[in-house]
Amino acid sequence: MKKFHFSLEKILQLRMFKEEECKNILGQAISALNIIEYNIKETAVKHHNAASNRFDNPADSLSWDMYILRLEREAEELQKKAAQAQLVVDEKRALYLEALKDLKAIEKLKEKKMKEYKKEMLKYEMNAVDELTATRFAYR
């Protein structure tokens, strides 16, 4: 009885590697986006705190105003970076989904070949049992 051999096993392994690599790259892109979003939230908290502290000491209001303006510019820059990072995430997600689709196609083909192999082996075993039974009755 022969062992199951999938002729496209190397391609399957290659596509599994590519899918895993795309998943890792997507994770890195999402991580970068999360860091930027965290910095946006942190800047918003700083802005809120600065705005409330501005009125505590009127003598320092000019420096607080400058600090608040800097935080607003920083928030705008972070928003731009977040938009760019979101585009990168979308691009990497599309690449990952394409790699996953390619992998699933080969996996389904392998499953189909495995079913065919099992069907063949069952047929082979049934024929072997029939031959054995026929031979046994022939000698009686």
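Buried denotes a relative accessible area under 20%, exposed denotes over 50%, and partly exposed covers the values in between. In the predicted model, Trp 64 has a relative accessibility of 23% and therefore counts as partly exposed. Tyr 67 belongs to this class as well, because its relative accessible area is 26%. Both Trp 64 and Tyr 67 lie in helix H2, where 3 residues, about one turn of the helix, separate them.

A pair of aromatic rings is described by the distance of the centres and the angle of the planes. A search of the whole structure returned 2 aromatic pairs. In the pair formed by Trp 64 and Tyr 67, the ring centres are 6.0 Å apart and the planes stand at 70°, so the arrangement is edge-to-face. The angle meets the criterion for this class because planes over 60 degrees apart count as edge-to-face.

Helix H2, which spans residues 61-139, also contains Leu 62. The relative accessible area of Leu 62 is 62%, so this residue is classed as exposed. Together with Met 66 and Leu 69, Leu 62 forms a nonpolar patch on the surface, and the accessible area of the three residues together is about 320 Å².

A contrasting environment was found for Thr 43, which is located in helix H1 (residues 9-54). With a relative accessible area of 3%, Thr 43 is buried, because the class comprises values under 20%. The side chain of Thr 43 reaches the backbone oxygen of Asn 39 at a distance of 2.8 Å. When residues up to four places away in sequence are not counted, Thr 43 touches Leu 71, Glu 74, Ala 75 and Leu 78.

Charged side chains were examined next. Side chains of opposite charge can pair when their charged atoms come close. The structure holds 7 salt bridges. One of them joins Lys 110 to Glu 9, with 3.1 Å between the closest N and O atoms. This pair links distant parts of the chain, since Lys 110 lies in helix H2 and Glu 9 in helix H1, 101 residues apart. Lys 110 is partly exposed, at 24% relative accessibility, and Glu 9 is likewise partly exposed, at 26%.

Salt bridges within helix H2 include that between Glu 77 and Lys 80, whose closest N and O atoms are 3.9 Å apart. This value satisfies the criterion because a salt bridge requires the nitrogen to lie within 4 Å of a carboxyl oxygen. Glu 77 and Lys 80 are both in helix H2 and are separated by 3 residues, about one turn of the helix. The relative accessible area of Glu 77 is 44%, so this residue is partly exposed.

A further salt bridge is formed by Lys 101 and Glu 98, with the closest N and O atoms 3.7 Å apart. Helix H2 holds both Lys 101 and Glu 98, which are 3 residues apart, about one turn of the helix. Lys 101 counts as exposed at 51% relative accessibility, because the exposed class begins over 50%. Its partner Glu 98, at 38% relative accessibility, counts as partly exposed.

Note on methods:
Residues are numbered from 1 along each chain as its sequence is written. This is a predicted model: local features need pLDDT of at least 70, side-chain atom pairs count only at pLDDT 80 or more; totals for chains, interfaces and linings use all residues. Side-chain values use heavy atoms; hydrogens and water are left out. Patches are made of residues with over 30% relative accessible area and no salt bridge: like charges are joined within 9 Å, nonpolar side chains (Val, Leu, Ile, Met, Phe, Trp, Tyr) within 5 Å. Accessible areas come from the Shrake-Rupley method with a 1.4 Å probe; for residues, only the protein chains shown count as cover. A salt bridge is a side-chain nitrogen of Lys or Arg within 4 Å of a carboxyl oxygen of Asp or Glu. Helices (H or I, at least four residues) and strands (E, at least two) are DSSP runs, numbered from the N terminus. Buried means under 20% relative accessible area, exposed over 50%, partly exposed in between (1.4 Å probe, protein chains only). Rings of Phe, Tyr and Trp (its six-membered ring) pair if their centres lie within 6.5 Å; planes under 30 degrees apart count as stacked, over 60 as edge-to-face and the rest as tilted. A polar contact is a pair of N or O atoms within 3.5 Å; within protein, one must be able to donate a hydrogen and the other to accept it, and residues adjacent in sequence count only if both atoms are side-chain atoms. Contact means heavy atoms within 4.5 Å.
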